[in-house]
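Here's a quick Q and A session for anyone getting used to reading protein structures. Keep the picture open while you go through it.

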Protein chains: 2
Amino acid sequence: MKNRVVTISREFGSGGRTIGRELAVKLGIPCYDEEVIEKLAERSGYSKEYIKERGEYAPAATWIGSALAGRDRNGYSVADSLWRVQSELIQELAEQSPCVIVGRCADYLLRDRADILTVFIHASMEFRAKRIVEVYGQREDSPEKRLRDKDKRRRAYYQLYTDTRWGEAANYHIALDSGVLGIGKCVEILADLYRNGKEN
Amino acid sequence: MKNRVVTISREFGSGGRTIGRELAVKLGIPCYDEEVIEKLAERSGYSKEYIKERGEYAPAATWIGSALAGRDRNGYSVADSLWRVQSELIQELAEQSPCVIVGRCADYLLRDRADILTVFIHASMEFRAKRIVEVYGQREDSPEKRLRDKDKRRRAYYQLYTDTRWGEAANYHIALDSGVLGIGKCVEILADLYRNGKEN
């Protein structure tokens with residue numbers, strides 16, 4: 001089966017987004033990342049900042065309380081309605097043309113398609129801490145604290161909406177340690193896998 | 001860093017052992033799998049059957065009770081002493097020459113070496129059920145029941161001795177779905193990675 005769509009799930013700071021972009025350039029297909037956020041903002045009316053924060057992460061505080069709060073007459077929270085719009089959009093993008101989609105639970109949303117390649121990119125805390133300071137700069141909180149917080153909230157979001165464990169190898173066709181293998185090597189492996197197709 | 005040792009952890013029925021053997025042939029290095037069990041039997045005095053069953057799996061019944069039962073005067077169980085012999089042997093094999101080691105928590109035991117490539121092979125329940133019937137034949141229990149039981153006990157063993165979560169992508173440099181990618185493709189990716197080395 002020839003792959004048409006690559007989904008990239010990633011730990012914050014692992015370079016998953018960079019791998020997605022470089023892979024897409026190499027394959028000559030679009031990469032959806034920030035573009036998904038922009039399209040979601042247009043379609044849902046929510047701000048880009050809100051979508052960035054809530055389209056992949058559970059809220060910072062007690063997320064169960066927050067998930068139950070502020071529901072509409074049908075029992076849907078704002079995050080639920082964002083999830084629905086996001087689901088539709090991801091399906092549309094996958095239908096339109098071959099592409100790479102970074103994050104947004106695309107692996108889960110497209111799980112019934114036979115033509116996807118689902119990827120998970122991770123790296124050690126040390127590698128990621130160094131990288132987020134290089135890419136995003138220093139903040140008040142230590143890079144390790146920022147990473148732990150992001151990991152925890154992304155995991156909670158994933159669990160809530162997909163009912164699967166984020167980062168479990170079994171959920172992805174291929175999972176790579178970008179810190180050890182190197183970002184360039186990850187792109188190379190994925191490009192080869194995309195071009196030559198999976199066996200089944 | 002050039003890889004010298006490849007460790008392959010695998011879900012039962014995923015073809016991880018076959019991938020290890022084919023990879024070793026391709027690279028012209030030894031593959032330790034059954035050989036580890038034979039060497040452990042010689043060295044520890046336990047039977048091969050016992051080692052096969054207890055060197056990677058928690059006991060079938062209440063494993064906590066069993067892990068506490070039958071300890072010697074130093075508080076070590078038979079499984080603990082097997083673990084110690086196994087740890088020494090794996091370290092020795094990795095020192096001796098480049099090789100592929102299948103199972104036996106080798107990824108964890110060799111985690112401090114910079115020259116290892118740690119691999120996890122998994123596949124869907126459907127793929128594995130079909131495969132174990134082909135390889136091991138029909139049994140009284142359904143293949144799905146046999147797989148669930150094996151998975152559960154291997155996970156418990158791994159948790160007990162390594163205190164890490166078995167099958168978590170973050171614990172391996174590369175994790176591959178052999179059912180979707182195909183066994184031949186997995187061998188190819190790993191051989192390339194071994195030959196060209198990791199970046200870090």
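Q: What makes Glu144(A) partly exposed?
A: Count its neighbours: 13 other C-beta atoms lie within 10 Å of Glu144(A). Buried needs 20 or more and exposed needs 12 or fewer, so with 13, Glu144(A) lands in between and is called partly exposed. One thing to keep in mind throughout is that this is a predicted model.

Q: Where does Glu144(A) sit, and which residues does it touch?
A: Glu144(A) is in helix α8 (residues 143-162) of chain A. Setting aside neighbours within four places in sequence, Glu144(A) is in contact with Met125(A) and Ala129(A). As for Ser44(A), 100 residues away along the chain, its C-alpha atom is 33 Å from that of Glu144(A).

Q: How do you know that Arg104(A) is buried or exposed?
A: Same counting game. Arg104(A) has 24 C-beta neighbours inside 10 Å, and the cut-off for buried is 20 or more, so Arg104(A) counts as buried. You'll find Arg104(A) in the loop between β3 (99-102) and α6 (106-109) of chain A. Its phi is positive, about 60°, although Arg104(A) is not a glycine.

Q: What about Arg104(B): buried or exposed?
A: Arg104(B) has 24 other C-beta atoms within 10 Å, so it is buried. Arg104(B) lies in the loop between β3 and α6 (106-109) of chain B. Phi of Arg104(B) is near 60°, a positive value in a residue that isn't glycine.

Q: Why is the relation between chain A and chain B called a two-fold axis?
A: Start with the general idea: two copies of a chain are related by a rotation about an axis and a shift along it. Here, a turn of 180° with a shift of 0.0 Å along the axis lays chain A on chain B, with an RMSD of 0.0 Å. That is just what a two-fold axis does. The contact surface fits in too: 100% of the contact residues of chain A recur in chain B, which is to say the same surface serves both copies.

Q: What makes up the side of chain A that touches chain B?
A: In the contact between the chains, 22 residues of chain A meet 22 residues of chain B. The elements giving two or more residues to that side of chain A are β4 (116-122), β5 (174-177), α9 (178-181) and α10 (183-196). β5(A) gives the most, with 4 residues. By type, the residues on this side split into 10 nonpolar, 7 polar and 5 charged.

Q: How are β5(A) and β5(B) joined?
A: They run antiparallel and are joined by 3 bridges. For one example, Leu176(A) has Ile174(B) as its bridge partner.

Q: What makes β2 of chain A and β2 of chain B the edge strands?
A: Look at the open sheet of 10 strands, whose order is β2(A)-β3(A)-β1(A)-β4(A)-β5(A)-β5(B)-β4(B)-β1(B)-β3(B)-β2(B). Each of the two β2 strands (31-32) pairs on one side only, and that makes them the edges. In chain B, β2(B) pairs with β3(B) in the parallel sense over 2 bridges, and Cys31(B) stands opposite Val100(B).

Q: Why is β4(A) described as largely enclosed by the rest of the structure?
A: Because 7 of its 7 residues are buried. In a regular strand the side chains alternate between the two faces of the sheet. For β4(A), one side has Ile116(A), Thr118(A), Phe120(A) and His122(A), the other has Leu117(A), Val119(A) and Ile121(A), and all of these are buried. As for its partners, β4(A) runs parallel to β1(A), joined by 6 bridges, and parallel to β5(A), joined by 4 bridges.

Q: How do you know that the length of α5(A) agrees with what a helix should span?
A: At 1.5 Å a residue, the 19 residues of α5 (78-96) of chain A should span 27 Å, and the end C-alpha atoms are 27 Å apart, so the two agree.

Q: Why do we say that the buried residues of α5(A) line one face?
A: The buried ones are Ala79(A), Trp83(A), Gln86(A), Leu89(A), Ile90(A), Leu93(A) and Ala94(A). Looking down the axis of α5(A), they fall within an arc of 135°, so they line one face of the helix. On the other side, Arg84(A), Glu92(A), Glu95(A) and Gln96(A) are exposed.

Definitions and conventions. Residues are numbered from 1 along each chain as its sequence is written. Chains are lettered from A and ligands numbered from 1 in the order in which they are written. This is a predicted model: local features need pLDDT of at least 70, side-chain atom pairs count only at pLDDT 80 or more; totals for chains, interfaces and linings use all residues. Copies are superposed by least squares on the C-alpha atoms of residues with pLDDT of at least 70 in both. Two residues are in contact if their C-beta atoms, placed from the backbone, lie within 7 Å. Two strands pair if DSSP finds at least two bridges between them. Ala, Val, Leu, Ile, Met, Phe, Trp, Tyr, Cys and Pro count as nonpolar, Asp, Glu, Lys and Arg as charged, and the others, Gly among them, as polar. The expected span of a helix is 1.5 Å times one less than its number of residues. The arc is that of the directions from the helix axis to the C-beta atoms.
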